Amino acid sequence: MRILVTGGAGFIGSHLVRRLLAKGQNHVVNLDALRYSGNLENLTDVAAHSRYIFVHGDICDATTVEKVLKEQGVEVVINCAAETHVDRSILDPNSFARTDVVGTAVLLEEARKAGVARFLQVSTDEVYGSVEIGSSKEDDALVPRSPYSASKAGGDLLVRSYWTTYRFPVLITRGSNTYGPNQYPEKFIPLFITNAMEDQPLPLYGDGRHRRDWLSVFDHCGGIEHVVRHGEPGCVYNIGGGNERENIEVARMILKQLGKPMSLIRFVQDRPGHDRRYAVDCSRLRALGWSPTVPFEEGLKAAVEWYRSNLTWWRKIKSGEFRAYYERVYRQRLEGTG
Ligand code: DAU
């Protein structure tokens, strides 16, 4: 297959690119705007691969997208390009509407015009909103509560409309909280690992008892690939890890593994509109033959080891743009004044 992965220099995108290249005879085109979390260092091992091409460009730019689809003879599009961090969406909501809604609209329309055979939208379980009990099924109502999840929900609705309106063969995956190597250290797990390694406080929002279902990036990419190959056009598939944990428990596991004191945990002012819990029902994807393989304890241990062995990767990030962001989100919180 000739596959276009957008956002292929990001966290999930880069793992997906590597996985697709390792399987069969896939040709992979990576279109990435290389904004703050897009990092070609995530792909140095495959940069010279004969079936891999990198194109620097934005999914919001119809001319670029049209050209890539045509010149590369793309048969399958997997849209991983997105603004993804909830705290950033609170600071700058418009950039989320731009990439996650408008960018998706542009990419979809160009893909439809080019007649691609399959279009997969990588979405999130956050579109269902906070789920206090039970678990979300694919046909549940979308009740997003942050500018991030609302933008992703907007993208999902557009993608679905292309099935009902044009019978354009779209698929949507809604993954749960993903973790693993190469995740930008603004997210909970890599932030807490790297802060702990630097003996810095771990800023735990609210009472620390919010719950997330942790999914290894390897399982997430396996699920996406499974849906591309076997999913039914027009369908949505949840991808969850089956590893529900309270945030405080995860923070303690990280500190324990690193041999750091529990006193590094700092309870700070909560995130506005903080969703209490996410949980997805994955029976639809399981019925298609997929199930997660990485137990959380093992996956987290491997992730901690990865950050331990790749100091240059994350230290470079933490000394750049990240510093100003961290200051904005955490300074007052850590001083107990915000
Ligand atoms: O559920 C899937 C989603 O998971 C993805 O769609 C998003 O792109 C991804 O960012 C993630 O969203 P969350 O908001 O759940 O992830 P985050 O890593 O920001 O936070 C995980 C939990 O940890 C959440 O309850 C907030 C809490 N947290 C997070 C940070 C960054 C803290 O307590 N302190 C922090 O400093």
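**View 1. E126 and its partners at the ligand oxygens.** In this predicted model, an N or O atom in the E126 side chain sits 2.5 Å from an oxygen atom of the ligand. Y148 also brings a polar side-chain atom to 2.5 Å from a ligand oxygen, and for R271 the distance from a side-chain N or O atom to a ligand oxygen is 2.6 Å. On its own the ligand exposes 690 Å², and the protein buries 95% of that (accessible areas by the Shrake-Rupley method, 1.4 Å probe).

**View 2. The shell around the ligand.** Here 26 residues surround the ligand, and the closest are D125, E126, Y148, R271 and Y330 (a residue counts if one of its heavy atoms lies within 4 Å). Sorted by class, the shell has ten nonpolar, nine polar and seven charged residues; in this scheme Tyr goes with the nonpolar set and Gly with the polar one.

**View 3. I189 in the largest nonpolar core.** This core has 36 residues, and I189, F192, I254 and F296 touch the most other members. Such a core joins buried nonpolar residues through side-chain atoms within 4.5 Å, with buried meaning under 20% relative accessible area (1.4 Å probe, protein chains only). I189 touches Y179, W214, V250, I254, F296 and L300, leaving aside residues up to four places away in sequence (contact: heavy atoms within 4.5 Å).

**View 4. Another core.** Apart from the I189 core lies one of 29 residues, including Y52, I78, L215 and L285.

**Notes.** Numbering starts from 1 along each chain as its sequence is written. Local features need pLDDT of at least 70, side-chain atom pairs count only at pLDDT 80 or more, totals for chains, interfaces and linings use all residues, and side-chain values use heavy atoms, without hydrogens and water.

How values were computed
Polar contact = N/O pair within 3.5 Å; in protein donor to acceptor, adjacent residues only side chain to side chain. Buried < 20%, exposed > 50% of the residue type's maximum accessible area, 1.4 Å probe, protein only.
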